[in-house]
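Trainee: Please take me through a close look at one part of this model, beginning with a single residue and its element. I should then like to see how other parts of the chain are arranged.

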Amino acid sequence: MKVFIKPAIDFFKNLKEEVAIVFGHDCDSIASASIIYKLSKKLGLRSKLIVSFHNFEIDEKTTKKLQKFKNIVVVDIGDTPEERINRLSESKKFLLIDHHLPKNYKCAYVNPRIYNKNIYMPASYITWLIYKEFFEDDDILWIAAFGTLGDFGAKSNKNLFVILKKKYPQLIGNSRIEDRELFDKSLIGKIAKMVDSCRIFEGIKGVEYVAKIIANSKSYEDLLKDKRVNKVYKNLKRAFKNELKRVENKKIEIGEYIVYEIKGKLNLKSSLASYLPKVYPNKIIFVAQKSEEGYYEVSVRRGISRRVNLAKLVEKISKNIKAKGGGHPTAAGMRVDDLKELIEFLKNKKRKSRLLC
């Protein structure tokens, strides 16, 4: 057993009542919540799936929902203020499973980066490790895989996909265990895109719908055959194609940086940001979209030929403008008050780089 999952093992061994499972909006969140839901059910627990209003934090609105639960498991939500988590854990049995930068949370806390700050292990992979300590993993392998792939963690956690290929070769096909190739050419990649399409087109309602299908599924066929998910996925492919055309005409190019703002209502931000690195292999890409609250959510990715640490870049930017950001070396995110301020900062950064040459 990996030492960092021990708090989760102890938590579930001592749990006997209803448990709330709180998660965000992306593939990794949906997959890890579904795995914990299946684990809880097999342990004989009553389980309730709760989507957090915000993707990266347990906001006050979600906190109110949790007051009636004695037992809470949070997966893949790493940006909640410490005092909010610590306050909740004072009166609840509270487990947090995450893979973002560790915080000083005073609860049962599973995060491999506490032990190795450079490790990249999505929440789906971590929950797979936890599940395996209790039961055979055949029924959740595909869930762990699409969630890990959704966070571009396939290459870093290759053993999961090697096992998946042996047991379910049709999900991998002839693809190499490389994130982009799996996304573009394999059935597990299609599954990840189908799941994400529900978030993009239907928001939290779509996340709730697809999470219930996966959490209660007998196999991946349940997802592939679902009429609502297939319709949404078809619409996504059409919308995505149209958005790519707009990128070419509307992007702002600042030296090594590209900034693009999505103007429509569809939340294509992270999907588009993950696709563009192969279109612009030598660039650092910022894809922004204005939220209902008025700030800009920005997904940051690097071209396939770049090796810059995006987590450090976003941290540096956030110290210089009104922004909050974090993430991983290969993928990061920001909340920016004013997109123009970000663009101006990148322009100044470019000017300074020229002076240093």
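Mentor: The account below begins with one helix and then turns to the cores, a second helix position, two loops and a pocket.

The model is predicted. The starting point is T127, which is located in helix α5, spanning residues 123-132. T127 counts as buried because its relative accessible area is 0%, and the limit for that class is under 20%. Its helix shares this character, since α5 is mostly covered, with nine of its ten residues buried. The buried residues are A123, S124, Y125, I126, T127, W128, L129, I130 and Y131.

What does T127 touch, leaving out residues up to four places away in sequence? The partners are S32, I35, I36, V75 and I97. Within the helix, a polar atom of the T127 side chain lies 3.0 Å from the backbone oxygen of S124. The regular geometry of helices is a useful background to such a pair. An α-helix has 3.6 residues a turn, so residues three or four places apart point the same way. To place T127 within the whole chain, one may take K319, which is 192 residues away along the chain; the two C-alpha atoms are separated by 33 Å.

A comparable arrangement is found at S197, in helix α10. S197 is also classed as buried, because its relative accessibility is 0%. A polar atom of the S197 side chain lies 2.5 Å from the backbone oxygen of M194. Beyond four places in sequence, S197 touches V229, V232, Y233 and L236.

The nonpolar cores come next. In soluble globular proteins, nonpolar side chains tend to be buried together. Here the largest nonpolar core has 82 residues, and those with the most contacts inside it are W142, F146, F161, I188 and I191. Helix α10, residues 187-215, gives this core its largest share, 13 residues. As for W142, its contacts outside four places in sequence are L164, L171, I188, I191, I214, S217, S219, Y220 and L223. Apart from the largest core lies another, of 22 residues, among them A288, L313, M334 and L346.

Two loops deserve attention next, the one before α3 and the one after β3. I58 is in the loop between β2 (47-51) and α3. Is I58 buried or exposed? I58 is buried, because its relative accessible area is 0%. Leaving aside residues up to four places away in sequence, I58 touches V22, S52, T63, L66, V74, I77, T80, R84, I85 and F94. For V22, the separation from I58 is 36 residues in sequence and 8.3 Å in space, C-alpha to C-alpha.

R84, a contact of I58, also provides a reference point for E60. E60 is in helix α3, residues 60-66. E60 is partly exposed, because its relative accessible area is 42%, and this class lies between 20% and 50%. The C-alpha atoms of E60 and R84 are 8.6 Å apart, and the two residues are 24 places apart in sequence.

The other loop holds D76, which sits between β3 (71-75) and α4 (82-91). D76 is buried, because its relative accessibility is 2%. Its backbone also calls for notice. Most residues other than glycine have a negative phi. D76, although not a glycine, has a positive phi of about 55°.

F152 likewise has a positive phi of about 55° and is not a glycine. F152 belongs to the loop between α6 (141-150) and α7 (158-167), and this residue leads to the pocket. The second largest pocket has a volume of about 850 Å³. Of its 28 lining residues, F152, R302, P329, T330 and A331 are the closest to its centre. Which elements each supply at least two residues of this lining? They are α9 (179-185), β9 (296-302) and α14 (310-320). The largest share, three residues, comes from α14. In character, the lining divides into nine nonpolar, seven polar and twelve charged residues.

To return to the starting point, T127 is a buried residue in helix α5, and its side chain has a polar atom 3.0 Å from the backbone oxygen of S124.

Key. Residues are numbered from 1 along each chain as its sequence is written. This is a predicted model: local features need pLDDT of at least 70, side-chain atom pairs count only at pLDDT 80 or more; totals for chains, interfaces and linings use all residues. Side-chain values use heavy atoms; hydrogens and water are left out. Helices (H or I, at least four residues) and strands (E, at least two) are DSSP runs, numbered from the N terminus. Buried means under 20% relative accessible area, exposed over 50%, partly exposed in between (1.4 Å probe, protein chains only). Contact means heavy atoms within 4.5 Å. A polar contact is a pair of N or O atoms within 3.5 Å; within protein, one must be able to donate a hydrogen and the other to accept it, and residues adjacent in sequence count only if both atoms are side-chain atoms. A nonpolar core is a set of buried Ala, Val, Leu, Ile, Met, Phe, Trp, Tyr and Cys residues joined through side-chain atoms within 4.5 Å. On a 1 Å grid over the protein atoms alone, a cavity is a set of points where a 1.4 Å probe fits but cannot get out, and a pocket is an open set with protein on both sides within 12 Å along at least five of seven lines; lining residues have an atom within 4 Å of a point. Grid points are joined across faces, edges and corners, and a volume is the space filled by probe spheres set on the points. Ala, Val, Leu, Ile, Met, Phe, Trp, Tyr, Cys and Pro count as nonpolar, Asp, Glu, Lys and Arg as charged, and the others, Gly among them, as polar.
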